[in-house]
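Please walk through this protein with the model open beside the text. The route goes from strands to a helix residue, then to a cavity and the cysteines.

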Amino acid sequence: MQIVEDFIYSFEGSQREIMLFIHKMLTVEMDLTEKIRFKIPFYFRKSWICYLNPKKNNSVEFAFVRGSELSNNQGLLDSKGRRQVWSIELSCITDIPIVELKEIIQEAILLDEMSPYSSKRK
């Protein structure tokens, strides 16, 4: 979707490279749908799976909405004190652990397929 790509191209350098790389992986390889929510790109299938959050320190937080439910066998995800959302912070495109990240994304998609997220708030 052009709106998300416009958002990504509004950044420069490594943030743009990282977001563009992950965006293409999520939309082309993993067939996720993208949408700007809360002023950042979110990706979903049946429900929200993950999002990209550019940080002030020029890194990109790649966060999983249901991170606490993932196995995190790769040891890459950090809760940063949050209950549900877990993420990995990426600073350089050459440092992206592609194989491990794809495993996490696949697990998150499988979780979404088996039991889509529904808000517990009333």
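What follows is a short tour of a predicted model.

Start with the strands. Strand β1 covers residues 33-37, and strand β2 covers residues 40-44. The two run antiparallel and are joined by five bridges. Thr33 pairs with Phe44 of β2. Arg37 has Ile40 of β2 as its bridge partner. Between the two strands lie two residues, and the unit is a hairpin. Look at Phe38 in that turn: its phi is positive, at about 55 degrees.

Now continue along the chain. β2 also pairs with β3, again antiparallel, through three bridges. Phe44 turns up once more here, with Trp48 as its bridge partner in β3. β2 and β3 make a hairpin too, with three residues between them. So β2 has bridges to β1 and to β3. How much of β2 is covered? Four of its five residues are buried, so the strand is mostly covered.

Next, turn to helix α2, which spans residues 13-29 and contains His23. Is His23 buried or exposed? The relative accessible area of His23 is 1%, under the 20% limit, so this residue counts as buried. Its surroundings can be listed. Leaving out residues up to four places away in sequence, His23 touches Val4, Glu5, Ile8, Glu34, Tyr43 and Leu52.

Then look for enclosed space. How many cavities of 30 Å³ or more are there? The count is one. The largest cavity holds about 60 Å³ of space. Its lining consists of Ser47, Trp48, Ile49, Phe64, Arg66, Gly67, Leu70, Ala108, Leu111 and Asp112. Two elements give two or more residues to this lining: β3 (48-54) and α3 (98-114). Of these, α3 gives the most, with three residues. By character, the lining has six nonpolar, two polar and two charged residues. Trp48 links two parts of this tour: it is the bridge partner of Phe44, and it is part of the cavity lining.

Finish with the cysteines. Cys50 has 0% relative accessibility, which is under 20%, so it counts as buried. Cys92 comes out otherwise: at 28%, its relative accessible area falls between 20% and 50%, so Cys92 is partly exposed. How many disulfides does the structure hold? The number is zero. A disulfide would need a pair of cysteine sulfur atoms within 2.5 Å.

How values were computed:
Residues numbered from 1 in each chain as written. Predicted model: local features only at pLDDT ≥ 70, side-chain atom pairs only at ≥ 80, totals over all residues. Heavy atoms only, no water. Buried < 20%, exposed > 50% of the residue type's maximum accessible area, 1.4 Å probe, protein only. 1 Å grid on protein atoms, 1.4 Å probe; cavity = no way out; pocket = protein on both sides within 12 Å on 5 of 7 lines; lining within 4 Å. Points joined across faces, edges and corners; volume = space filled by probe spheres on them. Nonpolar A, V, L, I, M, F, W, Y, C, P; charged D, E, K, R; others polar. Contact = heavy atoms within 4.5 Å. Pairing = 2+ DSSP bridges.
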